[in-house]
Every structure is written in C-alpha cells, then in structure tokens.
Amino acid sequence: MQRVKQGDPEAFEPIIERFQQRIYRYCFFMLGNRQEAEDAVQDIFFKAYRLLGSYREQRTFSAWLYKIAANHCNTLLSKRARARLFSFLHPNETHAASAEQDYLDSEGTRWDWLREIPAQDRTLLVLRVIDGHSFEEIGRMLGTKPATLRKRFERLKAKLNGKPEMREALLHERRIELQ
C-alpha cells in the first residue's frame, strides 16, 4: 500500500489479484448478472486506486474495498430501479423496458430469489453467507454495529427460511458460526 501511495502503480496489481475474486463474487450476488459484475469489479478497483489517498490504516483494506463495492453496487441497483420506474411511468418508451427484460433474461433462475431482497439485506446476506465474514468485519465494512447486523440477519433468516433455495445457504452460515 505504501508503494502505491508513493506513486508506484504496478504495486497495485498484487492487491487486485488478492481481492478480485472476492469482489467479483460479491458484485455477482448483488447485481445478479455476470457482465455487470465484471464491469463493476473494474470500476471498483479503478475507484479504489483513485481514492487510495483517503484510505486510513485504522480500517482494514478489505473493509474499505468492500465499502466501495457496496456503494458502487447500490448505485447500479438504484439506477436499475429508476429505469424500471421510468418504463412504468412512460410505457411508450420501450427502450428502458427492453433493457430490464434483457437483464432478467441474461441469467438463469438460480439466483432469482436474491432479486426479491432489498439491497441492504442482500449485502448482509452475501457478506455473511457467501463470503463468510464475521459480523464484526461486516460492521467495519458497512459502518454498522455488529449487534444491529446480527439482529437484522436473524430477521432476514426468518423471512427467507421458507425458501428452499436458502436452505443450503443457511446451513453454510451455521457452519461459519461453529468455526
């Protein structure tokens, strides 16, 4: 990190290699689309490089990077929601509606249930269950108290417990807690 901050851009490459897969996985589960996730990862690392001067060592680098990723994905999801709203309010404008349909058709139904979850809860679910972060780590990433996250996660689990797609994910999360 010090080398990058001192102006050595090539020193950023090992950082990308270390975090690229994890950030891609996070973006994929947040956005639900491979191409969007790949594009988002590039944008996130570009932003991280540009904002490196604002990184403070009191926070772990991964927490700082996930915060950038969460903000980026939430912005993309907001834009998508606005496009949906626009297509609803202006039914004669077919471009926005067809773009949304292209998105829905681009991925299989395996992760469709994730689209029903609000972005804030989806972030918590992905970071906890898919990436296996502790509530303390997620709290540092999102700037939220771990106890608040635990409570929100318990409510989310109760809400999703009836979904068969969630059974394996919830079992995986229980294994994390046992470790």
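The following exchange covers the helices, the core and one residue, Glu38, of a predicted model.

The model is predicted, with local features needing pLDDT of at least 70, side-chain atom pairs counting only at pLDDT 80 or more, and totals for chains, interfaces and linings using all residues. Residues are numbered from 1 along each chain as its sequence is written, and side-chain values use heavy atoms, leaving out hydrogens and water.

Biologist: How many helices and how many strands does the protein chain have?

Modeller: Elements are DSSP runs numbered from the N terminus: helices are H or I with at least four residues, strands E with at least two. From the N terminus on, the chain runs α-α-α-α-α-α-α-α-α-α. The count is ten helices and zero strands.

Biologist: Which helix supplies the largest share of the largest nonpolar core?

Modeller: A nonpolar core is a set of buried Ala, Val, Leu, Ile, Met, Phe, Trp, Tyr and Cys residues joined through side-chain atoms within 4.5 Å. The largest one has 44 residues, with Ile23 and Phe61 among those with the most contacts inside it. Helices supplying at least two residues each include H2 (13-31), H3 (34-50) and H4 (61-89). The largest share, ten residues, comes from H4.

Biologist: Is Glu38 buried, partly exposed or exposed?

Modeller: Glu38 is found in helix H3, and its C-alpha is 8.0 Å from that of Cys27, eleven residues apart in sequence. Buried means under 20% relative accessible area, exposed over 50%, and partly exposed in between (1.4 Å probe, protein chains only). The relative accessible area of Glu38 is 38%, so Glu38 is partly exposed.
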